[in-house]
Structure formats: structure tokens, C-alpha cells
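This report describes selected features of one protein model: its open and enclosed spaces, its aromatic contacts and one of its strands.

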Amino acid sequence: METMVRKFIWNFTWLIVRPILTLFCRFKVRGEENLLKLKKPFIVAVAIHANYADPFIAAAAFPFNSDFFPIRYMTKANIFDKPILREILRFYGTFRVEYNIGIENSLKDAVSLAENGEVVGIFVEGGKSKNGELGEIKSGIAYLALKTGIPVLPLALSGTFDLNIMNFLFHYNKISVFFGQPIFANIINLPYNDGNLTSKENVEFLRKIIENKLKELLSENNHYQ
């Protein structure tokens, strides 16, 4: 029941956000065919995170009434300290993540959601970009993929860095989303097959694969701007 309510909320938000983006931001989506290669659960690896509206903009790139809604975005714990914002985030199914407690403990809820068949959304840089460029991708996305064995969907998001009311109203921003081919961690030849899939070496190996794929997508996205 809770999932159905959240899906309704995501669909309602889609009906507002998608037309507005199309009208004011020349919204373009590419790579939708890659969604056909997926079924729940999977992980959405989103870059670049430059605006608080990014979760909704990324979701607007999916089809209306997508089977993948709701997307359970991972959010820094300190953001949940703001009472009103906390309730809004919970309304959409966002969950908090604590840092500096070890990757296994930090991602315990994410693993549980993924294993329960949910789509988990992660902004791979671990925070907002300060300059609109892709920063270092954190290891969490790779660890989660290896721990759960579910695929990663790379999603390149561009045009939101300097998005504000003035730029929005005057059509200054061109926003686009590019879906990449899914990365199936469970069929990748990992460098260390000693029974520990989530070893530091394997996590780093997959992290670089995801990072390179996102860089390629962002480069392709910029080509179409």
C-alpha cells in the first residue's frame, strides 16, 4: 500500500515537472531504449548532482507511470534534521544515510531496499557539485552493486548547475538526461575472485567502470547541447 501511494506521488510530480521542463528548459531525454533492458530491482547512478531539484528532474526522464517508481533516493542524514524537508523526503520514499560509520553500516538500508525489490537512486559524488563538473565518484555505488548483485543504470544529468528562477523563466537552461547501458556487476570479470566480492579491490575496480561510463555519457550529452 505504501509503495502504491508513493508511486501515485511520483506520477503526480511527473505530470507537473515534465511539462514545465519541456516548456522552459528544452528538456531532452536520450537512451530510453536502455530502460528496456532492466527490471526491478536496480540502482540508478546519477551524475552530476548540482541542484536540489535533480531527483525530480531525473525521475521526469523516465516514462510516465513507470514500473520503476518510486525511486528510493539516498540522502545525507543532516538533511533530515530539517523537520519540514524531512517529511517531504519521507513522503517521496527518500531514506537517510550516515557517513563515517563504515561503508557496510552506511549502506545497510540501501542493501535492504534493493533486496526487497526497490529501485535505489544514488548521486554518485556523495553531494552537490560545487562547479557543475563531475567530481570523484564514491565507492558506495560499487559496493551496493556487488553486495546485492543487481545492475547499475548510469544516468547523466546536465544543465541544472546554475538553474534558478531567473534563468528558468528566461529559458536560459537546457536540461538533458542521458540513460546509459546497464552495468551488470554480477557478470563482470572481477580482478579478485577469492570469495569476497566486496573486497576493496573489487569495489574500486567496479567504481572505475561506473565512473568511466558516466564520463562517456556526460561527454555525449555535451555533444548534443
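## The largest pocket

In this predicted model, the lining of the largest pocket comprises 19 nonpolar, eleven polar and three charged residues. The lining amounts to 33 residues, and those lying nearest the centre of the pocket are His 49, Met 74, Thr 75, Lys 76 and Ile 79. Six elements each give two or more residues to this lining: the helices α2 (54–60), α3 (83–92), α4 (103–106) and α6 (140–148), together with the strands β3 (71–76) and β5 (119–123). The space in the largest pocket is about 760 Å³.

## The enclosed cavity

A search of the whole structure for cavities of 30 Å³ or more returns one. The largest cavity has a volume of about 30 Å³. Its lining consists of Trp 10, Thr 13, Trp 14, Val 17, Phe 56, Ala 59, Ala 60 and Phe 69. By class, seven of these residues are nonpolar and one is polar, while none is charged.

Helices α1 (2–25) and α2 each supply at least two residues of the cavity lining. The greatest contribution comes from α1, which gives four residues. Helix α2 thus appears in the linings of both spaces, the largest pocket and the largest cavity.

## Aromatic contacts

A pair of aromatic rings is described by how far apart the centres lie and by the angle between the planes. In this model the count comes to twelve aromatic pairs. One of them joins Phe 56 and Tyr 92: the ring centres are 5.0 Å apart and the planes meet at 70 degrees, so the pair is edge-to-face, the cut-off for that class being over 60 degrees. This contact links distant parts of the chain, as Phe 56 belongs to helix α2 and Tyr 92 to helix α3, 36 residues apart.

The two partners differ in burial. Phe 56 has a relative accessible area of 25% and is partly exposed; Tyr 92, at 14%, is counted as buried because the limit for that class is under 20%. Tyr 92 also pairs with Phe 91, again edge-to-face, with 6.4 Å from centre to centre and 85 degrees between the planes.

Both of these pairs fall within one aromatic cluster, formed by Trp 10, Phe 42, Phe 56, Phe 62, Phe 68, Phe 69, Tyr 73, Phe 91, Tyr 92, Phe 123 and Phe 179. Among the cluster members, Trp 10, Phe 56 and Phe 69 also line the largest cavity.

A further ring contact involves a charge: the charged end of Lys 128 sits over the ring of Tyr 52, at 4.1 Å from the ring centre.

## Strand β2 and its neighbours

Strand β2 (residues 43–47) is largely enclosed by the rest of the structure, because five of its five residues are buried. In a regular strand, side chains alternate between the two faces of the sheet. On one side of β2 lie Ile 43, Ala 45 and Ala 47, and on the other Val 44 and Val 46; all are buried, and both faces are therefore covered.

Strand β2 pairs with two other strands. With β5 the pairing is parallel and extends over four bridges, and Val 46 stands opposite Phe 123 of β5. With β6 (residues 152–158) the strands also run parallel, joined by five bridges; here Ile 43 stands opposite Val 152. Phe 123, the partner of Val 46 in β5, is also a member of the aromatic cluster.

How values were computed: Residues are numbered from 1 along each chain as its sequence is written. This is a predicted model: local features need pLDDT of at least 70, side-chain atom pairs count only at pLDDT 80 or more; totals for chains, interfaces and linings use all residues. Side-chain values use heavy atoms; hydrogens and water are left out. On a 1 Å grid over the protein atoms alone, a cavity is a set of points where a 1.4 Å probe fits but cannot get out, and a pocket is an open set with protein on both sides within 12 Å along at least five of seven lines; lining residues have an atom within 4 Å of a point. Grid points are joined across faces, edges and corners, and a volume is the space filled by probe spheres set on the points. Ala, Val, Leu, Ile, Met, Phe, Trp, Tyr, Cys and Pro count as nonpolar, Asp, Glu, Lys and Arg as charged, and the others, Gly among them, as polar. Rings of Phe, Tyr and Trp (its six-membered ring) pair if their centres lie within 6.5 Å; planes under 30 degrees apart count as stacked, over 60 as edge-to-face and the rest as tilted. Buried means under 20% relative accessible area, exposed over 50%, partly exposed in between (1.4 Å probe, protein chains only). A charge sits over a ring if NZ of Lys or CZ of Arg is within 6 Å of the ring centre and within 35 degrees of the ring normal. Two strands pair if DSSP finds at least two bridges between them.
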